[in-house]
Amino acid sequence: MHICSIGECMIELSNIKDNFFKQNFAGDTANTAIYLSRLGAKSSYISSVGKDDLSIKMLNFFKKENVQTNNIFQNKNKTLGLYLIQNNKKGERTFFYWRSNSAAKTLFENVNSKKLLNQISKHNVIYFSGITLSIYDQKSINKFYMILKLLKNNGTKICFDFNVRIKNWESKKIAKQTMIKFSNIADIIFMTKDDINNLGLENYKTIIKKNYKNKIIVFRLGNGEINVFNKGIFEKYKFYLVKKVKDTTACGDAFNACFLYNYFNSCKIKDCVKLAHRLGKYVANFKGAIIPKKNFNPKLYVN
């Protein structure tokens, strides 16, 4: 399996203790790309960065994680976005963003669509998120959609995580329209209860049955409850959650990586969910999105 993740990787500042922050690199689809690589997938990332020192350090960071960077383009006039994480006592996080000069936003403005299509078509699976979509202008979104449709017609599997951040969008209406449009061409979709609420949608079962009959939907309701819609049927799973966590950042990204890795290695859905939950829960024991390599044992999360 060769899976390509598309989006924005940023400078991450995670709150280690009062007034002390650790610097790293992270972003939802980038986190998934890294965890996919650690699990054993052939993983690559598509984005745009600057040519400054921090951008170079980010590229080296990906290379150390064995994530292919040949499709990360460099924009000499832009740089990286930055975000800061603050956690409450329960480990839940609040994000603060600075990304006005982010190179990732310009990916489709500065790259030839045919060249990009040719590069992406070398992958078996494409993964992106609602955050990916939220950073692009309408012209870039249209280009991206055209590329995905061509890829799907050629047999590439499309995987989409709703991951809704309404503040990134011009309006809730535009967010909803765009998310529904892109989800309609996806094969596997990840959603949470928060995603549905943020878009102003109501009964998630009705929405899924009506719009996604021939897709796999992994719906996380919170509190360890996960519903999977597959072949027209909802399968319910309930898992134990630890009461004390340090940071919930990237738990969902790691979950998605683990689910996809095992699914595309012919693992049964119930085992994909079980292993994905195990990894997502473990990531919550660490500050920041990417846990130290020394603490990561891939054998625990593959079937």
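**Strand E1 and its surroundings**

Three bridges join strand E1 to strand E9, residues 125–129, and the two strands run parallel. I start there, and before going further I should say that this is a predicted model.

Let me stay with E1 for a moment, because all five of its five residues, 2–6, are buried, and the strand is therefore largely enclosed by the rest of the structure. In a regular strand the side chains alternate between the two faces of the sheet. Here both faces are covered, with His2, Cys4 and Ile6 buried on one side and Ile3 and Ser5 buried on the other. Besides E9, the strand also pairs with E4, residues 42–49, in the parallel sense and over five bridges. If you want one residue to look at, take serine 5, which stands opposite tyrosine 45 in E4 and has tyrosine 127 as its bridge partner in E9.

From the strands I move to helix H4, residues 113–120, where Ser113, Leu116, Gln119 and Ile120 are buried. Seen down the helix axis, the buried residues of H4 fall within an arc of 125 degrees, so they line one face of the helix. What covers them includes E1, E4 and E9, together with strand E6, helix H3 and helix H6. At the start of H4, a side-chain oxygen of asparagine 112 comes to within 2.9 Å of the backbone nitrogen of lysine 114.

Next, the nonpolar interior. The largest nonpolar core has 61 residues, and the members that touch the most others are Phe62, Phe259 and Leu260. Helix H10, residues 251–263, supplies the largest share of this core, namely eight residues. A second, separate core of 44 residues includes Ile6, Leu148, Val164 and Phe234. Leaving aside residues up to four places away in sequence, leucine 260 touches Met1, Ile3, Leu36, Tyr127, Cys159, Ile188 and Phe190.

Helix H10 also holds a polar residue, asparagine 256, which counts as buried at 0% relative accessibility. Which side chains does asparagine 256 reach through polar contacts? One is the side chain of tyrosine 127, at 2.9 Å, and another is that of aspartate 161, at 3.1 Å.

I turn now to charged pairs. Side chains of opposite charge can pair when their charged atoms come close. A search of the whole structure finds three salt bridges. In one of them, glutamate 8 and arginine 99 have their closest N and O atoms 2.6 Å apart. Glutamate 8 lies in the loop between E1 and strand E2, and arginine 99 in the loop between strand E8 and H3, so this pair ties together parts that are 91 residues apart in sequence. Glutamate 8 is buried, with a relative accessible area of 5%, and arginine 99 counts as buried at 13%.

Another salt bridge joins glutamate 65 to arginine 38, with the closest N and O atoms 2.8 Å apart, and both residues are buried. Lysine 293, in the segment after helix H11, touches Arg38 and Glu65, and Lys64 as well, again not counting residues up to four places away in sequence. Lysine 293 itself is partly exposed, at 45% relative accessible area.

The remaining salt bridge is between lysine 152 and aspartate 187, at 2.9 Å between the closest N and O atoms. Because lysine 152 lies in helix H6 and aspartate 187 in the loop between helix H7 and strand E11, the pair ties together parts 35 residues apart in sequence.

Notes. Residues numbered from 1 in each chain as written. Predicted model: local features only at pLDDT ≥ 70, side-chain atom pairs only at ≥ 80, totals over all residues. Heavy atoms only, no water. Core = buried A, V, L, I, M, F, W, Y, C linked by side-chain atoms within 4.5 Å. Buried < 20%, exposed > 50% of the residue type's maximum accessible area, 1.4 Å probe, protein only. Helix = DSSP H or I, 4+ residues; strand = E, 2+ residues; numbered from the N terminus. Contact = heavy atoms within 4.5 Å. Pairing = 2+ DSSP bridges. Arc of directions from axis to C-beta. Polar contact = N/O pair within 3.5 Å; in protein donor to acceptor, adjacent residues only side chain to side chain. Salt bridge = Lys/Arg side-chain N within 4 Å of Asp/Glu carboxyl O.
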